[in-house]
Amino acid sequence: MNELYANQERLDKLVIKFSFEKLKLGDKIIISDNTENKIYFLLQGSMSFKYNGHESRAFKSGEMIFIPQNLDCCAVALTAVEMVVVKYDTSKCNQDGATIVEKSDNVCHDFNSLEIRGTINDYLDLLCNYLNSDANCESLQKLKFEELLIIMQFYYTKEELTCFFTQLI
């Protein structure tokens, strides 16, 4: 089994923050001076994301979207939205950052999403329970992030993960 993180030291240095967020129709999220990588897990509703002058692209519940650090973007809730957001800063990992996936010649260069599959739904349900009950310490967040990376290996191909995280590698 390929490991998503090449070494445990890098994971230990990550600054990780999970949150559960609700948006109303028309609410905006403006991401500028972005210093963190973000993964948005859309649990309910739909959102439109626009970045670097590209046309807006709509995403719906059941999808996850990756926003790499240093990418400014704007998102608008097209409906009421419930989502889990994970933010992580790789700048302390080392000068070349954390390796999420292996580099590949087969990389797509688009703003991509992945369908939330399999056990990741159960993972997100449990994570929401933790977040909503304030059982939410730094150690738990690091363990949940590591668990997410391991689970993703079982439900997505190497090509899908490379395409999803393409802006990071």
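**Salt bridges, sheet and cores**

Let me begin with a network of salt bridges, which links Glu 115, Arg 117 and Glu 160, and let me add straight away that everything I describe comes from a predicted model. Within that network, the side chains of Arg 117 and Glu 115 meet with 3.9 Å from N to O, and Arg 117 itself is partly exposed, at a relative accessible area of 25%.

How many salt bridges does the structure hold? The count is six, and I would like to pick out two of them besides the pair I have just described. One joins Lys 22 to Glu 82, whose closest N and O atoms lie 3.9 Å apart. Because Lys 22 belongs to strand β1 and Glu 82 to strand β8, this pair ties together parts of the chain that are 60 residues apart in sequence. As for their surroundings, Lys 22 counts as exposed, with 58% relative accessibility, whereas Glu 82 is partly exposed at 22%. The other pair is Glu 63 with Lys 60, again with 3.9 Å between the closest N and O atoms. Is Glu 63 buried or exposed? Its relative accessible area is 13%, and as the cut-off for buried is under 20%, Glu 63 is on the buried side.

Now to the overall layout. The protein contains four helices and nine strands, and if we read from the N terminus, the order of elements is α-β-β-β-β-β-β-β-β-β-α-α-α. Of the 169 residues, 44% are buried. If we take the contacts with a separation of 6 or more, 81% of them are between residues 24 or more positions apart.

The sheet is the next topic. Five strands make an open sheet, in the order β1-β8-β3-β6-β9, with antiparallel pairing. β1 and β9, the latter covering 113-115, stand at the edges with a single partner strand each, so one side of each has no neighbour in the sheet. From one strand to the next, the twist averages 20°. If we look at the pairing of β1 with β8, these antiparallel strands are joined by nine bridges, and one example to find on the screen is Ile 16, whose bridge partner in β8 is Tyr 88.

Two helices meet this sheet. α2 lies across β1, β3, β6 and β8, and runs at about 90° to β1. α3 also packs on the sheet, where it touches β1, β3, β6, β8 and β9, and its direction makes about 85° with that of β1.

Let me stay with α3 for a moment. The helix has 18 residues and spans 26 Å from its first C-alpha to its last, close to the 26 Å expected at 1.5 Å a residue. Its buried residues include Leu 140, Phe 145, Leu 148, Leu 149, Ile 151 and Met 152, but also Gln 141, Lys 142, Lys 144 and Gln 153. Phe 145, which sits in this helix, is buried with a relative accessible area of 0%. Although Phe 145 and Lys 17 are 128 residues apart along the chain, their C-alpha atoms are separated by 9.1 Å.

That brings me to the nonpolar cores. In soluble globular proteins, nonpolar side chains tend to be buried together. Here the largest nonpolar core has 27 residues, and Phe 18, Ile 39, Phe 41, Met 64, Tyr 88 and Met 152 are those with the most contacts inside it. At least two residues of this core come from each of β1, β3, β6, β8, α2, α3 and α4, and the element that gives the most is α2, with six residues. What does Phe 41 contact, if we leave aside its neighbours within four places in sequence? Its partners are Glu 63, Met 64, Glu 82, Met 83, Val 84, Val 86, Ile 116, Leu 124 and Leu 148, and among them Glu 63 and Glu 82 are residues we have already met as salt-bridge partners of Lys 60 and Lys 22. There is also a second core, separate from this one, with 18 residues that include Ile 29, Leu 42, Phe 59 and Leu 71.

I will finish with a detail of the backbone. Asn 70 is placed in the loop between β6 and β7, and its phi is near 70°, which is a positive value in a residue other than glycine. Asn 70 counts as exposed, at 64% relative accessibility.

Note on methods
Residues numbered from 1 in each chain as written. Predicted model: local features only at pLDDT ≥ 70, side-chain atom pairs only at ≥ 80, totals over all residues. Heavy atoms only, no water. Core = buried A, V, L, I, M, F, W, Y, C linked by side-chain atoms within 4.5 Å. Buried < 20%, exposed > 50% of the residue type's maximum accessible area, 1.4 Å probe, protein only. Contact = heavy atoms within 4.5 Å. Salt bridge = Lys/Arg side-chain N within 4 Å of Asp/Glu carboxyl O. Pairing = 2+ DSSP bridges. Axes fitted to C-alpha atoms, helices over the stretch in contact; angles between N-to-C directions. Expected span 1.5 Å × (residues − 1).
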